[in-house]
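Reader: Please take me slowly through the surroundings of a single residue in this chain, one that you consider worth a close look. After that, set the part around it within the rest of the fold, and give the cut-offs behind your terms as you use them.

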Amino acid sequence: MTAKEKETRKSKQQDVEITGSEAVIRSLIEEGTEIIFGYPGGAIMPVYDALYDYRNVLRHILTRHEQGAVHAAQGYARATGKTGVCLVTSGPGATNLITGIADAMIDSTPLVCITGQVASHLLGSDAFQESDVIGISMPVTKWNFQITSAEEIPSTIAKAFYIAASGRPGPVLIDITKDAQFGRLKYKYAKCHKIRSYIPEFPVNKEKLSQAAELINNAKKPFLIFGQGVILSGAEMELQHFIEKTGIPAAWTLLGLSGLITDHPLNVGMLGMHGNYGPNIKTNECDLLIAVGMRFDDRVTGNLNTYAKQAKIIHIEIDPAEINKIIKADVALLGDAKRILRLLRLLVGKKKHTAWLKEFKQAHEVEMKKVIKSDLNPANPGLSMAEIVNKVADLTHNTAVVVSDVGQNQMAAARYSKFTSSRSHITSGGLGTMGFGLPAAMGAKFGNKDREVVLFVGDGGMQMTIQELGTIAQENLPVKIVIMNNRFLGMVRQWQELFFEKRYSFTEIFSPDFVKVADAYGIPGQLVKEREKLEEALQTMLDAKGPYLLEIMVEKEDNIFPMVPSGASVSDILLCADDVK
């Protein structure tokens, strides 16, 4: 269809009388929505009925649980940079979204969640499958709104997409009563580009920009730490050009991973509780700390009383609520990371901090000797999560989209994956939602048809959303699932071992035969117990044209190091169990 034909078709669709339910579908299409994850039910049935006539234009994926729908929408959004969309019914359908919405809120993921609701005259009457989803979701949404008349639908959906994707992205929820879905309106759609009193991005303060440049030009040991804000703003190249000009070593938070290619000479690794040794200890040795698109999460800072007290702080952040919330900034640059880094680069001098960078390399050598070589040692009696992740990275030539669940599998995936492009790492960060991995991997694959998507998940997290194997099977979606089975809730068990005298209180977990479960869904798979069979099994999985499940039995009491104990200083990072006092 030519551009002229599209415009003619669009003009014919405007100002015609249609139902509210059809207005929902047309509005989603106007916003460029290509895929919806959802689950039908009584209160949203009119919208699903309208969707039937548009099923060749707007693809719907039937998940097996509403939580699966919202996590899949998150995975799709994180992998593509587009706004994820999910559609569910009222009552339990709506409340089943809340975990995913809360996860999206704290991890800045743009979502538009549409829920059905009982008819407006029944609101507040405890009608069948009625819940106050507006009240329930208010603390965990960027914006929410209840539609009670058909005329409100187009403008509300337009506003929802604008709010979800602008500024610091986040989830939006629209609750639509059943009578609004049945009601009729003269349909006309206009995208939203501005809302009075809502300021998604602030102009850059030139005076503060100059102050930041002066601090950078005078610093002897500058250190840059970046988070997902770099990826969300599309500032990957600006970041790379900035550090290359200034010679500043850069480290990433868990959600910042893949924002800078792994083998860049100024990429010094991951910050945080299970981050690399150098970035953690050097935080308390630098004289200037530049934070870009990150919010100083407690997993990064450790004990605030000892965090970077010797350093000047520059904080580049789009959300004013995050400025000085946890760490007081000497210079706060409020705005989009892409724009600020581009402007800041013009004001800073070209430098090399060779001696300072050498200190990071020396710290890495310590970690290599005490941690990494041990993790990857082929003489170990059992398989480690580290060697599995490392082997997958090698076999995929560092080009896969890596999705992980939460726990030890997550930390191993973050530490031992390698990346050559952005938006290649997807996990639940701030909320730490077990069960996130499988449906998020589905969403990521729908958004990346031409890239390998590999999920690393533990035996505990897998069982939280295992029903989504049904969605994968129905869609013949080529997600590659690697279950690293240690027969424990591994991260909790690690803490129990190190800090609770090995009192393994309710962390040993029984699992089904995952390969047989996959086979029941028609998904091929195999079980690996021996190191000698690992590479061949991984290659078989990667060569499979459709979905594949690989269950790998790993060392039962394998631990993830380095580790900063809760409440400890980042300088007190542990390299092995013997370091625990």
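Author: A residue is called buried when its relative accessible area is under 20%, exposed when it is over 50%, and partly exposed in between, with a 1.4 Å probe and protein chains only. By that scale Val-554, the residue I have chosen, is buried, with a relative accessible area of 2%. This is a predicted model, in which local features need pLDDT of at least 70 and side-chain atom pairs count only at pLDDT 80 or more, while totals for chains, interfaces and linings use all residues. Residues are numbered from 1 along each chain as its sequence is written, and side-chain values use heavy atoms, leaving out hydrogens and water.

Val-554 lies in the segment after strand β20; helices (H or I, at least four residues) and strands (E, at least two) are DSSP runs numbered from the N terminus. If neighbours within four places in sequence are set aside, Val-554 is in contact (heavy atoms within 4.5 Å) with Leu-383, Ser-384, Met-385 and Ile-388, and also with Met-484, Asn-485, Asn-486 and Arg-487. Of these, Asn-485 is 69 residues away along the chain, and yet its C-alpha atom is separated from that of Val-554 by 5.8 Å. The segment after β20 (548–553) also holds Pro-562, and the peptide bond leading from Phe-561 to Pro-562 is cis, with omega near 0 degrees.

Strand β20 itself belongs to an open sheet of six strands, ordered β16-β15-β17-β18-β20-β19 with parallel pairing, where two strands pair if DSSP finds at least two bridges between them. The edges of this sheet are β16 (425–426) and β19 (525–528), each of which pairs on one side only. Within the sheet, β17 (residues 453–458) and β18 (residues 480–485) run parallel and are joined by five bridges, and Val-454 has Lys-480 of β18 as its bridge partner.

A further open sheet of six strands, also with parallel pairing, has the order β3-β2-β4-β5-β7-β6. Here β3 (59–62) and β6 (143–147) stand at the edges with a single partner strand each, so one side of each has no neighbour in the sheet. On average, neighbouring strands of this sheet are turned by 20 degrees against each other, direction ignored. Seven bridges join the parallel strands β5 (residues 111–117) and β7 (residues 171–177), and Val-112 is matched there with Val-172 in β7.

Helix α4 (residues 66–80) lies across β2 (35–39), β4 (84–88) and β5, and runs at about 165 degrees to β4; axes are lines fitted to C-alpha atoms, for helices over the stretch in contact, and angles run from 0 to 180 degrees between N-to-C directions. In helix α6 (residues 98–106), the buried residues are Ile-98, Gly-100, Ile-101, Ala-102, Asp-103 and Ala-104, and their cover includes α4, α5 (92–95), β5, α7 (133–137) and β7. Just after α6, Ser-108 takes a positive phi of about 55 degrees.

Two other residues that are not glycine also call for a look at the backbone. Ser-258 has a positive phi of about 90 degrees, sits in the loop between β10 (250–252) and β11 (267–270), and counts as buried at 4% relative accessibility. His-397 has a positive phi of about 55 degrees and is placed in the loop between α17 (385–395) and β15 (401–404), but it counts as exposed at 62% relative accessibility.

Finally, the whole structure contains 22 salt bridges, each being a side-chain nitrogen of Lys or Arg within 4 Å of a carboxyl oxygen of Asp or Glu. One of them joins Glu-17 to Arg-184, with the closest N and O atoms 3.1 Å apart, and thereby links strand β1 (residues 16–19) to strand β8 (residues 184–187) across 167 residues. Glu-17 is partly exposed at 49% relative accessibility, and Arg-184 is partly exposed at 46%. Another joins Lys-282 to Glu-359, with the closest N and O atoms 3.0 Å apart, and links helix α13 (residues 277–283) to helix α16 (residues 354–375) across 77 residues. Both Lys-282 and Glu-359 are buried.
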